[in-house]
2 protein chains.
Amino acid sequence: MGLTKTEIFTDKQNQIALYAKAFGHPARVAILQYLFKLNACVCGDLVEEIGLAQPTISQHLKELKQLGLIKGNVEGTSVCYCIDTDNWEKMKTVMSDFLNQDLAPKECC
Amino acid sequence: MGLTKTEIFTDKQNQIALYAKAFGHPARVAILQYLFKLNACVCGDLVEEIGLAQPTISQHLKELKQLGLIKGNVEGTSVCYCIDTDNWEKMKTVMSDFLNQDLAPKECC
DNA sequence: TCTATTAATCGTAATATTACAATAAATATA
DNA sequence: TATATTTATTGTAATATTACGATTAATAGA
């Protein structure tokens, strides 16, 4: 147990859950907001900005990178991160479809 | 360790993360989609519909209820669940603000 | 080459999540 | 009251996540 049974759900449902999981930690939310705010590649000051230890930030960045939401470019000894806008848009489509489901105005119970 | 440091993040960041966490499991996504699809209170057939054990479904429903995204009304021996549309709209506002951040079209790195 | 700087990886402890069997609670009906 | 039906709760095992110290890797510059 303790293992999510992905096989009984649709690809779409699993995809929504994966994106949502990425946003399910405030550090990752903060990282993404900071990248959007600066509107540029952020080279190195994420650790001071967020306030968690360097390995922890690195771990969160890795998750976001694996999902494709950010990209990292090596610049000398530092790595510069920014939003991957193409993939961000794809994610938005998936998540918006889910969030914008609407109910007909029908009384219930 | 293993404990999210919520105190170093803003209320907004924590709120986004809490909502996202709720959507971070495909069973909860599936439950919500089903409630939207039927557009009615669902009395009892969620266990067969989703395909997880009854206590597991009950646990997922509890999480969604605690966040306020669904409500449950007791009807005899069964409980009928439906989307809490008011709270769903509030959630949508919060999540949309986050997802719809946009970058100026600026090259990066 | 040596040193400094910065990010990634490894290892690990603490906590959280997921899933379900067993059981309890609640209520309708015989 | 007794029984059937349905959902919630409890307990617990398996797995995942979070956080960080220690270390490694990579590269710039002396």
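**Entry 1. Helix crossing between the chains**

I began with two helices from different chains and noted that α1(A) passes α2(B) in a right-handed crossing. The model I am reading is a predicted one. For the geometry, I looked up the angle between α1(A) and helix α2 of chain B, residues 26-38, and found about 120°. The axes of α1(A) and α2(B) lie 8 Å apart.

I then listed the residues that meet there. On the side of α1(A) I recorded A:Q13, A:N14, A:I16 and A:A17. On the side of α2(B) I recorded B:P26, B:V29 and B:A30. By class, the residues of this contact between α1(A) and α2(B) are 5 nonpolar and 2 polar, with no charged residue.

**Entry 2. B:F23**

I next examined B:F23, which I located in the loop between α1 (11-22) and α2 of chain B. Is B:F23 buried or exposed? I entered B:F23 as buried, because it has 25 C-beta neighbours inside 10 Å, and the cut-off for a buried residue is 20 or more.

Which residues does B:F23 touch, leaving out those up to four places away in sequence? From chain A I noted A:I16, A:A17 and A:A20, and from chain B I noted B:R28 and B:V29. Two of these names, A:I16 and A:A17, also stand in my list for α1(A) against α2(B).

I also checked B:F23 against B:Q59: 36 residues separate the pair in sequence, and their C-alpha atoms are 14 Å apart in space.

**Entry 3. The whole contact between chains A and B**

I widened the search to the full contact and found 38 residues of chain A in contact with 38 residues of chain B. The elements of chain A that give two or more residues to its side are α1 (11-22), α2 (26-38), β3 and α5 (85-99). Of that side, α1(A) supplies the largest share, with 6 residues. I sorted the chain A side by class and recorded 22 nonpolar, 12 polar and 4 charged residues.

**Entry 4. The sheet of chain A**

Since β3 appeared among those elements, I looked up its sheet. I found 3 strands of chain A in an open sheet, in the order β1-β3-β2, with antiparallel pairing. I marked β1 (42-43) and β2 (70-75) of chain A as the edge strands, each pairing on one side only.

Between β1(A) and β3(A), residues 78-83, I recorded 2 bridges, and these strands run antiparallel. In this pairing I noted A:C43 opposite A:C80 in β3(A).

Technical notes
Residues numbered from 1 in each chain as written. Chains lettered and ligands numbered in written order. Predicted model: local features only at pLDDT ≥ 70, side-chain atom pairs only at ≥ 80, totals over all residues. Pairing = 2+ DSSP bridges. Helix = DSSP H or I, 4+ residues; strand = E, 2+ residues; numbered from the N terminus. Contact = placed C-beta atoms within 7 Å. Nonpolar A, V, L, I, M, F, W, Y, C, P; charged D, E, K, R; others polar. Axes fitted to C-alpha atoms, helices over the stretch in contact; angles between N-to-C directions. Left-handed = near helix turned anticlockwise from the far one by under 90°. Buried ≥ 20, exposed ≤ 12 C-beta atoms within 10 Å, placed from the backbone.
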